Amino acid sequence: MVPRQRIAFLIPAFHVHPWLPTFVERLNSAFDRLRDEAGLEPVLVFVDDGSSRTGTTLDCHLSPLKGLSAEVACTRHPINRGQGAAIQTALEIARSSRVNASYFATFDSDGQHDPQDVVTMVSELRQRSLNIVFGNRFEAARSGGTGIPVLRWLLLRLASAFERTVTGLRLTDAHNGLRVFDRAAADKIELYQDRMAHATEFKAIVSRHSLRYGEVPVTITYSEESLSSGQRNSDALRVLVELLRGWWFR
Amino acid sequence: MMLGILVCALAVGIGLLDWISIRRESKRILMLEYVGFTGIFLLATFPDRFNALAAMVGVGRGVDMIIYPLLVWLFREAILSRVRYHQQQREITRLVRAIAVEACATAARNHAESL
């Protein structure tokens, strides 16, 4: 019997609390759909980016991770290096002969993404023969999904306009952590931006290597945890400075 | 004149302090520092001669002969230290990532052996 192709969920985590059983169930339900509908075997690559706060260290995540119906590879950065660095670490593990994934999904650890969206994104990626699919929160919000805070909506729109100018990619959602890509794209990705500017770098890589890309409406749930652990509105300027620094000093 | 004496006293004082504190660690650095201090000492002691020399070269005052090259050096040093900082950050990330990837591989090997 030919082994199933694998899809690796790349999950960077920094100072996030362990997943609740309901979220683990939602993940397992999405894993089942990936097996049944896409014929893919999910693998979860969890990278703790040097969390030190009580209740957020890697040990605390092990119990919910054991509840998953998929193989899990987890590791820890000895010191915090940022989300971009943690995604790159997860990607290296997923590309290694141990996991050898054919598809990859970057997925935030704070529970803001709906795991079911990954199934839709994989289907879209395959049907349209794309290399990478980006999540777009604006479509779902327009059709009655979870509302985006006004200031964040404005900043994301500005960031999208900036990225469109810099990379030439016509995408709507600048900093959506949910992306699905194939092996061809994964082999091209070497993130230089360790911290938050990696989201723009993803698009620069797509543009540089002329990868085929698309967007799929996804749902983002803004909870207290996701708003506090994720990017703050004030981080927009910091991302811009990081991008300029990376450009100058690379 | 008073300023010249103060500058000389400062150079001698710092020179002595460094002789005591860093002479065992790095004699070459100390030598380099003393060469610089001697220049400053001469400039402070014979300002008129340096002014005449500066007028010949066309840089205004004698002290400008030190300040302009110093500005060039400081600017270069600031840029280079930024570049070095980013290189070091990059290397730290590579190291952290390598440790994490290796830890994951080791855990997998141990798990496989325990089965």
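A patch, as the word is used here, is made of residues with over 30% relative accessible area and no salt bridge, and nonpolar side chains are joined into one when they lie within 5 Å. With that in hand, welcome to this predicted model, where chain A carries such a nonpolar patch on the surface and shares an interface with chain B. Below is a short tour of the patch, the interface and the surroundings of Ser51(A), a buried residue.

**The nonpolar patch**

- Eight names are worth finding in the viewer: Phe162(A), Val166(A), Leu237(A), Leu240(A), Val241(A), Leu244(A), Trp247(A) and Trp248(A) make up the patch, and together they have about 880 Å² of accessible area.
- Two elements of chain A, helix 6 (150–167) and helix 10 (235–249), each give two or more residues to the patch.
- Helix 10 of chain A is the main contributor, with 6 residues.
- Trp248(A) is one of the patch residues and sits in helix 10 of chain A.
- Trp248(A) counts as exposed because its relative accessibility is 62%, and the cut-off for that class is over 50%.

**Where chain A meets chain B**

- The size of an interface is often given as the accessible area lost when the parts come together.
- For chain A and chain B, that buried area is about 1500 Å², with 65% of it on carbon and sulfur atoms.
- Chain A brings 19 residues to the contact, and chain B brings 16 residues.
- The interface holds 2 salt bridges, including one between the side chains of Asp194(A) and Arg90(B), at 3.9 Å from N to O.
- There are also 5 residue pairs in polar contact across the interface of chain A and chain B.
- On the side of chain A that touches chain B, the elements giving two or more residues are strand 3 (71–76), helix 3 (83–95) and helix 10.
- Helix 3 of chain A gives the most to that side, with 5 residues.
- Helix 10 of chain A therefore turns up twice in this briefing, in the list for the nonpolar patch and in the list for the side touching chain B, with its limits set by a DSSP run.

**Around Ser51(A)**

- Look for Ser51(A) in the loop between strand 2 (40–48) and helix 2 (58–66) of chain A.
- Ser51(A) is buried because its relative accessible area is 1%, and buried means under 20%.
- The side chains of Ser51(A) and Asp48(A) are joined by a polar contact of 2.6 Å.
- A polar atom of the Ser51(A) side chain also lies 2.8 Å from the backbone nitrogen of His15(A).
- Leaving aside residues up to four places away in sequence, Ser51(A) touches Ala13(A), Phe14(A), His15(A), Thr56(A), Thr57(A) and Arg76(A).

Definitions and conventions
Residues numbered from 1 in each chain as written. Chains lettered and ligands numbered in written order. Predicted model: local features only at pLDDT ≥ 70, side-chain atom pairs only at ≥ 80, totals over all residues. Heavy atoms only, no water. Patch = residues over 30% accessible without salt bridge, like charges linked within 9 Å, V, L, I, M, F, W, Y side chains within 5 Å. Areas by Shrake-Rupley, 256 points an atom, 1.4 Å probe, with all protein chains shown as cover. Salt bridge = Lys/Arg side-chain N within 4 Å of Asp/Glu carboxyl O. Helix = DSSP H or I, 4+ residues; strand = E, 2+ residues; numbered from the N terminus. Buried < 20%, exposed > 50% of the residue type's maximum accessible area, 1.4 Å probe, protein only. Contact = heavy atoms within 4.5 Å. Buried area = accessible area lost by both parts, 1.4 Å probe. Polar contact = N/O pair within 3.5 Å; in protein donor to acceptor, adjacent residues only side chain to side chain.
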